Amino acid sequence: MELTVRVERILTEQCFTSRKDGSEVRKYGFVGVTTNERFEKRICFYAFGETWAGANIVVGGTYEVSFDVASREYNGRWYTECTCWKISAVSAANAQTPVRQVTVAPPTQTNNNSYNVVPF
């Protein structure tokens with residue numbers, strides 16, 4: 001699957017030992033906000049080693065993310081994970097800027113001293 005997302009948050013790095021060969025594995029994560037849908041959705045993505053290293057992920061940057069979705073069961077509960085296998089920068093120009101800005105119009109006063117709220 002592929003999505004274009006704006007990075008909202010970078011998660012802490014996780015480090016553990018591989019069961020296969022005993023090597024050290026680093027798992028990186030970030031929360032992306034979809035940019036090409038009517039209603040924004042937040043999705044948590046994970047990447048390993050080389051996939052993460054070449055991406056130079058920054059908060060506020062926009063990236064094209066190719067990923068696989070997998071679910072697994074543990075103790076009767078199901079967990080779903082989105083694992084990236086390719087991350088390409090679309091735009092990092094707005095890096096480190098606020099992710100969401102909302103503009104609210106001030107109320108307007110009418111002749112009878114009541115206020116009308118202006119929709120935004």
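These legends describe close-up views of a predicted model.

**View 1. Overall layout of the predicted chain.**
The protein has 120 residues, of which 28% count as buried. Eight strands and one helix make up its secondary structure. Along the sequence the order is β-β-β-β-α-β-β-β-β. Take the contacts between residues at least 6 apart in sequence: 51% of them join residues at least 24 apart.

**View 2. The β5–β6 hairpin.**
β5 covers residues 62-74, and β6 covers residues 77-91. The two strands run antiparallel and are joined by 13 bridges. They form a hairpin with two residues between them. Within the turn, N75 has a positive phi of about 55°. Further along the pair, V65 has I87 of β6 as its bridge partner. Both V65 and I87 are among the residues with the most contacts inside the largest nonpolar core.

**View 3. β1 against β5.**
β1 spans residues 2-10. Its pairing with β5 is antiparallel and holds five bridges. T4 stands opposite E64 of β5. β5 thus appears in two pairings shown here, with β1 and with β6.

**View 4. β3, β4 and the link to β6.**
β3 runs from 24 to 34, and β4 from 42 to 48. Seven bridges join these strands in the antiparallel sense. One facing couple is K27 and F48, the latter in β4. β4 also pairs with β6, here in parallel, through two bridges. In that pairing, Y46 has T83 of β6 as its bridge partner.

**View 5. The largest nonpolar core.**
This core holds 17 residues. F30, F45, I57, V65, C84 and I87 have the most contacts inside it. Five strands each supply at least two of its residues: β1, β3, β4, β5 and β6.

**View 6. Surroundings of C84.**
Which residues does C84 touch, leaving aside neighbours within four places in sequence? The contacts are F30, F45, Y46, A47, T51, V65, S66 and F67. Three of these names, F30, F45 and V65, recur in the list of core residues with the most contacts, as does C84 itself. Y46, another contact of C84, is the bridge partner of T83.

**View 7. Cysteines without a disulfide.**
How many disulfides does the model contain? The count comes to zero. A disulfide would need two cysteine sulfur atoms within 2.5 Å. For C44, the closest cysteine sulfur belongs to C82 and lies 7.8 Å away, so this pair is too far apart for a bond. C44 is partly exposed, with a relative accessible area of 31%. C15 is also partly exposed, at 42%.

**View 8. The largest pocket.**
The largest pocket holds about 200 Å³ of space. Its lining consists of F16, R19, K27, F48, D68, A70, S71, R72, E81 and T83. β5 and β6 are the elements that give two or more residues to this lining. β5 gives the most, with four residues. Two residues from View 4 return in the lining, K27 and F48, which stand opposite each other across β3 and β4. T83 is a lining residue too, and in β6 it is the bridge partner of Y46.

Note on methods. Residues are numbered from 1 along each chain as its sequence is written. This is a predicted model: local features need pLDDT of at least 70, side-chain atom pairs count only at pLDDT 80 or more; totals for chains, interfaces and linings use all residues. Side-chain values use heavy atoms; hydrogens and water are left out. Buried means under 20% relative accessible area, exposed over 50%, partly exposed in between (1.4 Å probe, protein chains only). A nonpolar core is a set of buried Ala, Val, Leu, Ile, Met, Phe, Trp, Tyr and Cys residues joined through side-chain atoms within 4.5 Å. Contact means heavy atoms within 4.5 Å. Two strands pair if DSSP finds at least two bridges between them. On a 1 Å grid over the protein atoms alone, a cavity is a set of points where a 1.4 Å probe fits but cannot get out, and a pocket is an open set with protein on both sides within 12 Å along at least five of seven lines; lining residues have an atom within 4 Å of a point. Grid points are joined across faces, edges and corners, and a volume is the space filled by probe spheres set on the points.
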